[in-house]
Amino acid sequence: MTAPYPVYLDLENRPCAVLGGDEMARDKALGLLRAGARVTVIAADLCAGLADRVEAEEVAWERRAPRGSDVGGGWRLVIDASGDPDINQEAWTEAERLGVLLNVVDRPAQCHFIAPAVVRRGPLQIAISTSGESPYLAAALRARLERLVGEEWGSFVSLAGRVRRRLRGDGVAIEQQTAVYARLLRSDVRALLRQGDTDAAERAATAIAAGAGSTPPGRVTLVGAGPGAPGLLTLAGSELLAGADMVFHDALVDPGTLALCGPGAELVDVGKRGGRKNPDQGEITARMARAAREGLDVVRLKGGDPFIFGRGGEEVAGLVAAGIDVAVVPGVSSASAAPTVAGIPLTLRGVASSVAFTTGHEGGAGDPSRLGSIARAVDTLVILMPLAGLDGLTAQLRQALRDDHPVALVCGATLRNQHVLRSTLGELVAAAQQAPVFPPAILIVGRVVAAARAQGIRSRLPF
C-alpha cells in the first residue's frame, strides 16, 4: 500500500458538498467551514448540530435523500457521509468520471483524499493520518498532542510570522533569519504567551529580531535524564534536548533518551567509566563554557537528578564563575526510582518513617563510623554506586546492623534488563557473586525490603 501524499487544500470560498445529515456529516461539514469553504449538505434530515448551522445560514441544505449522482453538482470537493454502500459506490464512480475529489467516510478504497485528525492552534495546524487504517488512533493521537501543544502556540506562530515579515522587509539574509527563529524558539516568549503577557512577549521577540546578525551568548542547562527509561525524562528536559546545539551526556544515559535530541545536535560523551581514562571535571565545564560563548545552546544531560551525587553543583559553580548563563532542570533520581520500580517503599507506615541517601564511593561510605552512624540513625538507607566496594561497604554496615538485616540490590532500574537481588546483610556478598549484578546499581538497606515482600507490594512502569 502506498502512502497518501499529504497536502493542505485551499478551500476558501470554494463549493463543497457533504452527503448525509448525522453527527458524522456534521463533523465533516464543520471541518470544511473552518477552511472557509461554501458548504452544502444534502440530506433528508439533519442532526441538531447541523440544523443550527443551517438556521444560522452558515451551511446550505438540500432537503432530500442524497444520491451518488450528487457528486456531479459542480462541487470541487465532496464528502460522502451517507453510510449507504450503494450511494458510496455510485458517488465514487461519478467522482472518478468528473475528476471531483471525493472522500467516502470509513471507505479508504473510495477516497481521493483522507481527512486527517487536526490539532488547531491558530495558524498552526498539525494534521495526523493513519492512511485510513485507524481513524480512532488518529483521533487519540490528536487528543494527546492537544495537551502537549498548548494554546500559546497559535499566538507564537503569529508572532513569528510578524518577525519573519519584518526581517524580510529589512533585507536580512536567510541564514540570519534562521538564527533569529531558533532564538525565538528557545526563548521565554512562549512562556510569556502562556501566562497571557502578550506585551512582554512582543517586546522580547522584537529584541531578538533586532539582534539579527549578531551572536548572542549561549546558555548551559543541566538536565536530569532520570534513572534510565526515556519515559521518565521530564517534559521540560525533552523540549530542551530537542532544541539543543550540543549535548554533553553521561555514560549511562539510555540511547532512547539521546534519540530525543534534535537531528543537528552534537553529542559529546563525557561519561566516567571505571578502569578507563575519564574526562576531567574541570575540562568538561570549560568545554561547555566555550560552547556557550560561541552562542550555542548547550544541554548537560546527567543521569538521575543533577544535584544528587551528580556533581551538578560543581558544574553550576564553575559555569557561573565563568560568566555563563546556566539553569537546572531536575530529574527523577535513581535513589528513589530504583526502590519504587522494585516494589520497595522507602517509607512505610509502621515500618519506616525516615530515609537517608549516601554513595558507595568518593567519601560517601569511606568512613566506617560515618556510615554506621547513618545506618543506625534512619529506618531506610539507600546507597548509590555500591558495586565497586561492595565487600568493604557491607563489612562497615555489619558493624552497625545485624547480619539478618534485610537488603536489596537493584541493578539497571527502569530498564529492560532490570534485576533485583533481595538478601540479608550477612549473605549479600555471597549472593551478589552468584547473581547477575551490574551498574548502575542501588543498594537498599532496611526492614522495608522484607515488609514489602511480606505485604505483596509490587510495582512496574506503565510503559
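# Sheets, helices and their labels

User: Which residue is the bridge partner of valine 220 in E11?

Analyst: In E11, valine 220 has valine 298 as its bridge partner. A quick note on the source: this is a predicted model, where local features need pLDDT of at least 70, side-chain atom pairs count only at pLDDT 80 or more, and totals for chains, interfaces and linings use all residues. Residues are numbered from 1 along each chain as its sequence is written, and side-chain values use heavy atoms, with hydrogens and water left out.

User: What makes E8 and E11 a pair of strands?

Analyst: Strands are DSSP runs of E with at least two residues, numbered from the N terminus, just as helices are runs of H or I with at least four. Two strands pair if DSSP finds at least two bridges between them. Strand E11 (residues 297–302) is joined to E8 by six bridges, so the definition is met. The two run parallel.

User: How many bridges join E8 to E12?

Analyst: Five bridges link E8 with strand E12 (residues 325–329), again parallel. Here valine 220 stands opposite valine 326.

User: How do you know that E8 is mostly covered?

Analyst: Buried means under 20% relative accessible area, with exposed over 50% and partly exposed in between (1.4 Å probe, protein chains only). In E8 (residues 219–224), five of the six residues are buried.

User: What is the strand order in the sheet that holds E8, and which strands stand at its edges?

Analyst: The order is E10-E9-E11-E8-E12, an open sheet of five strands with parallel pairing. Strand E10 (266–269) and E12 each have a single partner strand, so they stand at the edges, with one side of each lacking a neighbour in the sheet. Neighbouring strands are turned by 20° against each other on average, direction ignored. Helix H12 (residues 312–321) packs on this sheet and touches E8, E11 and E12, where contact means heavy atoms within 4.5 Å. The direction of H12 makes about 175° with that of E8; angles run from 0 to 180 degrees between N-to-C directions, and axes are lines fitted to C-alpha atoms, for helices over the stretch in contact.

User: What is the pairing in the sheet that contains E13?

Analyst: It is mixed, in an open sheet of five strands ordered E13-E14-E17-E15-E16. Its edge strands, E13 (355–359) and E16 (419–424), each pair on one side only. Within it, strand E15 (residues 406–411) and strand E17 (residues 441–446) pair antiparallel over five bridges, and leucine 409 stands opposite leucine 443 in E17.

User: Why is H13 described as largely enclosed?

Analyst: Six of the eight residues of H13 (residues 334–341) are buried, so the rest of the structure largely encloses this helix. Those residues are Ser334, Ala335, Ala337, Ala338, Pro339 and Val341. Their cover includes E13, strand E14 (380–384), E15 and E17.

User: What puts the buried residues of H15 on the same side?

Analyst: In helix H15 (residues 390–398), the buried residues are Leu390, Leu393, Thr394, Gln396 and Leu397. They cover an arc of only 160° around the axis, which puts them on the same side of H15. The arc is that of the directions from the helix axis to the C-beta atoms.

User: At what angle do H5 and H8 pack?

Analyst: Helix H5 (residues 152–169) and helix H8 (residues 198–210) pack at about 30°, with their axes 11 Å apart.
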